[in-house]
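Q: Please take a close look at a single residue of this model, and then explain what surrounds it in the rest of the chain. I am new to the structure and would welcome one connected account.

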Amino acid sequence: MNTGNAKHSSTFSPRLARWALHVVLAAVAVLMAAPLIWLFTTSLTRADGAFQVPANWLPRPFSLANFADVAGLIPIGRMMLNSLIVTVISVGGSLFIASLAAYAFSRIPFRGREPIFIGLLSAMMVPGQLTVIPIFILMRTIGLIDQLASLWLPALINVFAIFFLRQYFNSIPRDLDEAARIDGAGHLRILFQIVLPLAVPALSALAILGFEASWNNYFGPLIFLSTPERMTLPIGLVSLSAGVGGSQAVVVFAGITIVVFPMLILFLAFQRAFVESVATVGLRG
């Protein structure tokens, strides 16, 4: 009888612990999602019905006027297009260049490879604020000040992406390279037909991180851009809350929603690849 109770207790304890873990994780998820839900709800609520105590978790009274006010106060469409252009070119270009560099550091033996790679890693320790003055002088010299190219051109070299992909490439068996060389494949064919398809999780993670950094970049546009038609969303968001005389809080919340929503959709679409790459790249390298 005692043996049966002990066996039942041993099978019940892991199940109870698993349920307790799920409850804790659900509570943490609710706490983390609550501010985001409140942001979306407030942006869809009329000004006279927002910021009540207790808070409304449903938009009552529902209204889309806040988003219309955003479009009336700042050129939100043009700013979104500018942000999209800069982000797509920055992310796509940096991943392309990082893939080539990471393949060279991972697969091609050449003199000085390790010292050069260590030098690149040391560049990650330099704060971006220290490099903004020489970059500004360079952009002014080549005539790119107040152009979108002044934002995406320096972003094409992403040292972290090179390091991240190099670690991931090192985990891919080199037997695949040898088999491809027997079929007459060169380095570029091996990279684009064998290595990169196997590195999709790492590329997805870097795309999310790069998209977030470029989409939310405020410091760069503030330094390099001056024409309102070339401003990006972060600059527009600041001007919405202060530069146009101080808008209503619900209108500012609507502007924040416009900025946050694309990033949320992107993360939800690629979260599995993001988690997989981040969880395994340290083990693979």
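A: In this predicted model, D177 is located in helix α8, which covers residues 175-182. Is this residue buried or exposed? D177 is buried, because its relative accessible area is 1% and the limit for a buried residue is under 20%. Apart from neighbours within four places in sequence, the residues in contact with D177 are R107 and I190.

The setting of D177 is a chain with 13 helices and zero strands. Following the sequence from start to end gives the pattern α-α-α-α-α-α-α-α-α-α-α-α-α. Of the 285 residues in the chain, 34% are buried. When contacts between residues at least 6 apart in sequence are considered, 70% of them link residues at least 24 apart. The accessible surface of the chain amounts to about 16400 Å², and carbon and sulfur atoms account for 71% of that area.

From this setting one may turn to the nonpolar interior. The largest nonpolar core contains 53 residues, and V70, L165, F169 and V195 have the most contacts inside it. The helices that each supply at least two residues of this core are α3 (76-107), α5 (128-141), α6 (149-152), α7 (159-170), α9 (187-198), α10 (200-215), α12 (233-243) and α13 (249-284). Among these contributors, α3 gives the most, with 10 residues. L165 shows what such a core residue touches: leaving out neighbours within four places in sequence, L165 is in contact with A98, S99, A102, A202, L203 and L206.

The model also has open space to consider. The volume of the largest pocket is about 1200 Å³. Its lining consists of 40 residues, and those nearest its centre are G128, P154, A155, I157 and N217. Two or more lining residues come from each of α3, α5, α6, α7, α10 and α11 (219-224). The largest share belongs to α5, which provides seven residues. By kind, the lining comprises 27 nonpolar residues and 13 polar residues, with no charged residue.

In summary, D177 is a buried residue of helix α8, in contact with R107 and I190. Elsewhere in the chain, α3 gives the most residues to the largest nonpolar core, while α5 gives the largest share of the lining of the largest pocket.

Terms used
Residues numbered from 1 in each chain as written. Predicted model: local features only at pLDDT ≥ 70, side-chain atom pairs only at ≥ 80, totals over all residues. Heavy atoms only, no water. Core = buried A, V, L, I, M, F, W, Y, C linked by side-chain atoms within 4.5 Å. Buried < 20%, exposed > 50% of the residue type's maximum accessible area, 1.4 Å probe, protein only. Helix = DSSP H or I, 4+ residues; strand = E, 2+ residues; numbered from the N terminus. Contact = heavy atoms within 4.5 Å. 1 Å grid on protein atoms, 1.4 Å probe; cavity = no way out; pocket = protein on both sides within 12 Å on 5 of 7 lines; lining within 4 Å. Points joined across faces, edges and corners; volume = space filled by probe spheres on them. Nonpolar A, V, L, I, M, F, W, Y, C, P; charged D, E, K, R; others polar. Areas by Shrake-Rupley, 256 points an atom, 1.4 Å probe, with all protein chains shown as cover.
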